[in-house]
Amino acid sequence: MRPAAGVSARPRRGGVALNQALLFILVVAAVYGHGLGYASLWDIDEGIYAGIARHMAESGDWVFPVWNGEPRFDKPPLIYWISAAAMRLLGPSELAARVGAYAFAVLCAGLVYAFGRTLYSHRAGIIGALALASTLGWFVGGRIGLMDTGLSFFVGLSTF
């Protein structure tokens with residue numbers, strides 16, 4: 001039955017749940033992203049990955065990851081590609097080097113929500129995503145330019 005003219009229909013529960021989940025993901029993105037580029041690169045691997053991405057962005061060679069003139073094929077290139085693309089847009093900076101890890105950390109919170117909601121309920125999805133996002137190790141992993149959050153995202157996605 002259609003609502004009368006001028007009377008708005010009450011939103012379905014699924015729409016409200018989705019809006020709450022999107023709001024939660026936006027809050028996680030804002031908290032994780034605050035000051036993302038302020039700290040210098042402090043992990044040894046973070047500097048290496050940023051250097052490889054910088055070389056890709058400057059040379060235009062997106063196929064062969066190179067560090068100090070030597071090819072580096074020990075890691076998948078996706079994180080290098082994301083960081084190199086960010087460096088092309090933002091310039092070589094700490095923020096650009098960390099954008100990939102940050103994006104995967106936020107996406108993983110959304111994935112945990114989707115997983116919990118699919119298996120149990122909206123509430124379970126929010127609690128699971130909140131548990132992940134409030135974990136110190138995940139917070140730090142989402143703010144340094146390493147591949148851990150990307151690996152976790154794709155393992156979770158394949159499980160989902």
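The following paragraphs describe the nonpolar cores, a long-range set of contacts, and the empty spaces of a predicted model.

In soluble globular proteins, nonpolar side chains tend to be buried together. In the present model the largest nonpolar core comprises 21 residues, and the members with the most contacts inside it are Phe24, Val28, Tyr32, Tyr102, Val106 and Trp138. Helices α1 (13-33), α4 (94-119) and α5 (122-133) each contribute at least two residues to this core, and the largest share, eight residues, is that of α4. Once neighbours within four places in sequence are set aside, Phe24 is in contact with Ile126, Ala129, Leu130 and Ala133. Apart from this core lies another, of 17 residues, among which are Tyr49, Ala57, Ala84 and Met87.

The geometry of α4 was examined in terms of its span and its bend. For the 26 residues of α4, a rise of 1.5 Å a residue leads to an expected span of 38 Å, and the end C-alpha atoms are 38 Å apart, so the two values agree. Helix α4 nevertheless has a bend of about 35 degrees, located at Gly100.

Contacts between parts of the chain that are separated in sequence were then considered for Leu36, Val31 and Phe139. Leu36 is placed in the loop between α1 and α2 (44-59), and its relative accessibility of 4% means that Leu36 counts as buried, the cut-off being under 20%. With neighbours within four places in sequence left aside, Leu36 is in contact with Leu95, Arg98, Tyr102, Gly142 and Arg143; of these partners, Tyr102 is also listed among the residues with the most contacts inside the largest nonpolar core. For the pair Leu36 and Arg98, a separation of 62 residues in sequence corresponds to a C-alpha to C-alpha distance of 7.4 Å.

Val31, which belongs to helix α1, has a relative accessible area of 47% and is therefore classed as partly exposed. Beyond its neighbours within four places in sequence, Val31 is in contact with Phe139 and Arg143, and the C-alpha atoms of Val31 and Phe139, which are 108 residues apart along the chain, are separated by 9.3 Å. Phe139 itself is found in helix α6 (residues 136-141) and is likewise partly exposed, because its relative accessible area is 27%. In addition to Val31, Phe139 touches Tyr32, when residues up to four places away in sequence are not counted. By contrast, Phe139 and Ala114 are 25 residues apart along the chain, and their C-alpha atoms are separated by 19 Å.

Rolling a probe the size of a water molecule over the atoms shows where empty space is left. The largest pocket holds about 240 Å³ of space, and its lining consists of Tyr49, Lys75, Pro76, Leu78, Ile79, Phe104, Leu146, Met147, Asp148, Gly150, Leu151 and Phe154. Both α3 (78-90) and α7 (148-159) supply at least two residues of this lining, with α7 giving the most, namely four residues.

The structure also holds one cavity of 30 Å³ or more, and the volume of the largest cavity is about 40 Å³. Glu46, Tyr49, Ala50, Ile79, Tyr80, Ser83, Ala97 and Gly145 line this cavity, to which α2 and α3 each supply at least two lining residues. Tyr49 and Ile79 thus appear in the lining of the largest pocket as well as in that of the largest cavity, and Tyr49 is in addition among the residues of the 17-residue core.

Conventions:
Residues numbered from 1 in each chain as written. Predicted model: local features only at pLDDT ≥ 70, side-chain atom pairs only at ≥ 80, totals over all residues. Heavy atoms only, no water. Core = buried A, V, L, I, M, F, W, Y, C linked by side-chain atoms within 4.5 Å. Buried < 20%, exposed > 50% of the residue type's maximum accessible area, 1.4 Å probe, protein only. Contact = heavy atoms within 4.5 Å. Expected span 1.5 Å × (residues − 1). Bend = angle between axes of the 7 residues up to and from the residue. 1 Å grid on protein atoms, 1.4 Å probe; cavity = no way out; pocket = protein on both sides within 12 Å on 5 of 7 lines; lining within 4 Å. Points joined across faces, edges and corners; volume = space filled by probe spheres on them.
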